[in-house]
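User: I'm new to this structure and would like to learn how to read a few of its features. Could you walk me through them?

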Amino acid sequence: MSTHDIEAYIRGQEAELALRDRQLPFTDTEYADRLTRLRERMAADRIDVLLLTAPDTMCWLHGYTNRWYRQHSSTRFPPVHCTIVRADDERTVLIEPAYHEELVRLTSCVDEFIGVEGKGGEPTITDFVDVLTAELFSRGRSYGRIGVESWSSVPNPAVAQVIAFALTARGATVVDASVTVRGVRRIKSPAEIAIIERAQAACDAGMRHLHANARPGMTELEAWNQLMTGVIAAGGEPTAMHETVAAGPPMPLLHGLSSRRPIGSGELFHPDAAAAVDRYHARLTRPFSMGKPAKALTRLTGIAAGAYDVVLSTARVGLPFRELHRALRAYFAESGPVDGWAGGYELGVSFMPDWVGEFCWDIQDEETDDVIEAGLVTNFESCAFVAVIDTVVFEETGPRFLSSVPRETLVVGDAH
């Protein structure tokens, strides 16, 4: 093939890419509303400019999706990106390596893109800081308080220190704005809840596919494969935290990775499932028994499942979470010898490494001032040795659990 043919092929591929339409899960109006609410919160917290670096925050604000944020890269590949949001300017500006320009165009509605070119190849920290400070302090601008996401894993501490030094050297005060940013994301819009519902449907499909295909001797990884086959076939995607199937007691094994350990007849195992649609995720866990379950296992599952009725009968918008906590503690205390626990954490945009959102609730927390709000979406984890986990939407009409999978021990294998 001649050089001319190769060049023509490359030009053709680039032309096809340029014709692709931007595809975002939400309307421009939805993204504009998020920016408005964020800037209002900035004003309330006296923040002049935000530097957003967390992958989930940038995705939430303008849709940008990437798979390489340089969270734990070689020192030759420092994280060199951020989204700039100013209190005095409605434009959003994304700074990224220059070669990601087309990816930004396809996945983001950010107002302006500034590409960082590497003088010797890949952009360095110096290259990035030069671009960032030139944009921030152009035309004689100055800022009193610049907010950063200190609780994000991006950038790493080495790069964060360089950025902070460069900003303070120009007279700015650098403050942690993690709670500022996450607080705006806490309450989900109807459009966000609709996507979480789709993620839950994919989660349910994965659980049912595993239920139909699990057999004695199957390894944890093979079971995980069946789970994810069902999730993906139903339109779901992997989430931030690696989904797992674990045989044996749920804790601490549910925080481990699926292994090549076979699941034998009579064993208890838990598929700890999650699924995302357009990066928004839902959760689901049920205890499984490989063959006829022991009576004690059935009883424990019933205790864990009974906590859901307490939530349905107690939780309402405006109720302090501590009152729901008391009701759940009382339920577990009356249910038998097992030490029960329940709680949850905010669901939403899900990016690696392993977490999403700020809000958490725990029935052992007696001091919290948090109040149930309409539009809050969390998982609900009910544990009585076994774990029964679902996704709950708190609404004006009461709490609504999203999964349609029965809250019972799911029997597979010889007795299925």
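Analyst: Sure, we'll go through aromatic rings, a helix pair and some backbone oddities. This is a predicted model, where local features need pLDDT of at least 70 and side-chain atom pairs count only at pLDDT 80 or more, while totals for chains, interfaces and linings use all residues. Residues are numbered from 1 along each chain as its sequence is written, and side-chain values use heavy atoms, leaving out hydrogens and water.

User: How many aromatic pairs are there?

Analyst: Rings of Phe, Tyr and Trp (its six-membered ring) pair if their centres lie within 6.5 Å; planes under 30 degrees apart are stacked, over 60 edge-to-face, and the rest tilted. That rule gives 15 aromatic pairs here. Take tyrosine 308 and phenylalanine 401: their centres are 4.7 Å apart and their planes 55 degrees apart, so the pair is tilted. Tyrosine 308 belongs to helix H11 (residues 295-314) and phenylalanine 401 to strand E15 (residues 398-401), 93 residues apart. Helices (H or I, at least four residues) and strands (E, at least two) are DSSP runs, numbered from the N terminus.

User: Is tyrosine 308 buried or exposed?

Analyst: Buried means under 20% relative accessible area, exposed over 50%, and partly exposed in between (1.4 Å probe, protein chains only). Tyrosine 308 is buried because its relative accessibility is 0%; phenylalanine 401, at 12%, is buried too. Both belong to one aromatic cluster with Phe321, Phe359, Trp361, Phe380 and Phe394.

User: Which residues of H5 and H6 meet?

Analyst: Contact means heavy atoms within 4.5 Å. From H5, Ile125, Phe128, Val129, Leu132, Thr133 and Leu136 meet Val159, Val162, Ile163, Ala166 and Leu167 of H6.

User: What about the backbone oddities?

Analyst: Most residues other than glycine have a negative phi, and most peptide bonds are trans. Here, the bond from valine 154 to proline 155 is cis, with omega near 0 degrees. Proline 155 lies in the loop between strand E5 (145-148) and H6. Arginine 70, not a glycine, has a positive phi of about 60 degrees; it sits in the loop between helix H3 (55-62) and strand E2 (82-86). Aspartate 278 also has a positive phi, about 50 degrees, and lies in the loop between E8 and strand E9 (280-285).

User: How buried or exposed are arginine 70 and aspartate 278?

Analyst: Arginine 70 counts as buried because its relative accessibility is 4%. Aspartate 278, at 30%, counts as partly exposed.
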